[in-house]
Amino acid sequence: MAVPYRGAESDLVPLHVIEPTAPHTATVVFVHGLGQSNSSWKTLFETSLAVNHPHIRWVLPHAKFNPSPYNNGERRPSWYDIHKLPPSADEFDENSPLFVESLDTIKSVIQTEIESGIDASKLILMGFSQGASMITMTALTGSQQFGGVVSLSGWIPKRFSQALSTFNAQVTTTPVFWCHGEADQEIPLTMGSDAVEYMKSVGFEVEIKTYPGLVHDTNEEELKDVSDWLARLF
């Protein structure tokens, strides 16, 4: 079902939810990538992950349409500006209004779930590409121990990791599952590996799985691995 979510500028941003078909014991907040829609991921999950985990509520926020530097200024759903792929080391701006608003939006979705009765320890943050970078940065800047973080083809902007100097030690106990295609040319595996090493360096335990031949995309093997990882948690 489509649920309107009120953003920081009072514009309605569509948020999709897949309700559990068994007693609700956990929630996944999934964040899509640059130029994508949450509806396509909702359709995918309805025939895969949601079927395997009927007790999980799936919440899929949607980025606002913004002029995208990567798309020559055309309006695309985006969480923050990207000028090229692979992203350069210095193009991320942690103080940009768009990034700050996007981070607030995701944290608001998370807080709504917690206020509805789900404990943070039963809440999984998951995302693809730019969405994966957003949920990772959300976890790193939070004050709670979440149930887990799942990154699909993600990375951590270099400027963000350089600017982030302090952590709430509790967040580093959050388990992380990092999936990445070995043939990814948009977010190369080296960027994912750098992010994993950074998270390990600040105390996270990270499980990484790579996929030969997989480009900047997902596939059945990766989704099965995510499903199996979720099953081990809950």
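**Reading burial, strands and backbone angles**

Modeller: Asp 90 counts as exposed, since its relative accessibility is 54%. The terms are these: exposed means over 50% relative accessible area, buried under 20%, and partly exposed in between, with a 1.4 Å probe and protein chains only. The model is a predicted one, in which local features need pLDDT of at least 70 and side-chain atom pairs count only at pLDDT 80 or more, while totals for chains, interfaces and linings use all residues. Residues are numbered from 1 along each chain as its sequence is written, and side-chain values use heavy atoms, with hydrogens and water left out.

Biologist: Where is Asp 90 found?

Modeller: Asp 90 belongs to the loop between β6 (75-77) and α3 (97-115). Helices (H or I, at least four residues) and strands (E, at least two) are DSSP runs, numbered from the N terminus. In space, the C-alpha of Asp 90 is 8.2 Å from that of Pro 157, although 67 residues separate the two in sequence.

Biologist: How many helices and strands does the protein have?

Modeller: The protein has seven helices and ten strands. Its radius of gyration is 16 Å, close to the 17 Å that the globule rule gives for 234 residues, so the protein is as compact as a globular protein of that length. That radius is taken over C-alpha atoms, and the rule is 2.2 Å times the number of residues to the power 0.38. The C-alpha trace spans about 45 × 40 × 35 Å along the principal axes, and 52% of the 234 residues count as buried.

Biologist: What do the contacts in the protein add to this picture?

Modeller: A contact requires heavy atoms within 4.5 Å. Among contacts with a separation of 6 or more, 72% are between residues 24 or more positions apart.

Biologist: How should the side chains of a strand be read?

Modeller: In a regular strand, side chains alternate between the two faces of the sheet. In β8 (148-152), Gly 148, Val 150 and Leu 152 point one way, Val 149 and Ser 151 point the other way, and all are buried. Five of the five residues of β8 are buried, so this strand is largely enclosed by the rest of the structure. Strand β9 (residues 176-181) is mostly covered, with six of its six residues buried. Val 176, Trp 178 and His 180 point one way from β9, whereas Phe 177, Cys 179 and Gly 181 point the other way.

Biologist: Which strands does β9 pair with?

Modeller: Two strands pair if DSSP finds at least two bridges between them. β9 pairs with β8 in the parallel sense over four bridges, and Val 149 has Val 176 as its bridge partner in β9. Six bridges join β9 to β10 (residues 206-211), also in parallel; there, Cys 179 has Lys 209 as its partner in β10. On β8, a further parallel pairing involves β7 (residues 123-128), over five bridges, with Val 150 as the partner of Met 126.

Biologist: Is Ile 156 buried or exposed?

Modeller: Ile 156 counts as buried, because its relative accessibility is 10%. This residue is in the loop between β8 and α5 (158-163). Beyond its neighbours within four places in sequence, Ile 156 is in contact with residues including Leu 140, Trp 178 and Tyr 198. The C-alpha atoms of Ile 156 and Tyr 198 are 8.7 Å apart, with their positions 42 residues apart along the chain.

Biologist: What can be said of Phe 99, which lies in helix α3?

Modeller: Phe 99 is buried, because its relative accessibility is 4%. Outside its neighbours within four places in sequence, the contacts of Phe 99 include Trp 79, Phe 92, Met 134 and Phe 160. From Phe 99 to Trp 79, 20 residues away along the chain, the C-alpha separation is 6.1 Å.

Biologist: How are unusual backbone angles recognised?

Modeller: Most residues other than glycine have a negative phi, and most peptide bonds are trans. Asn 72 has a positive phi of about 55° without being a glycine, and Ser 129 has a positive phi near 55°. Asn 72 is in the loop between β5 (65-67) and β6, and is exposed, with a relative accessible area of 75%. Ser 129 is in the loop between β7 and α4 (130-141), and counts as buried at 9% relative accessibility. A cis peptide bond, with omega about -5°, joins Leu 85 and Pro 86; Pro 86 is found in the loop between β6 and α3.
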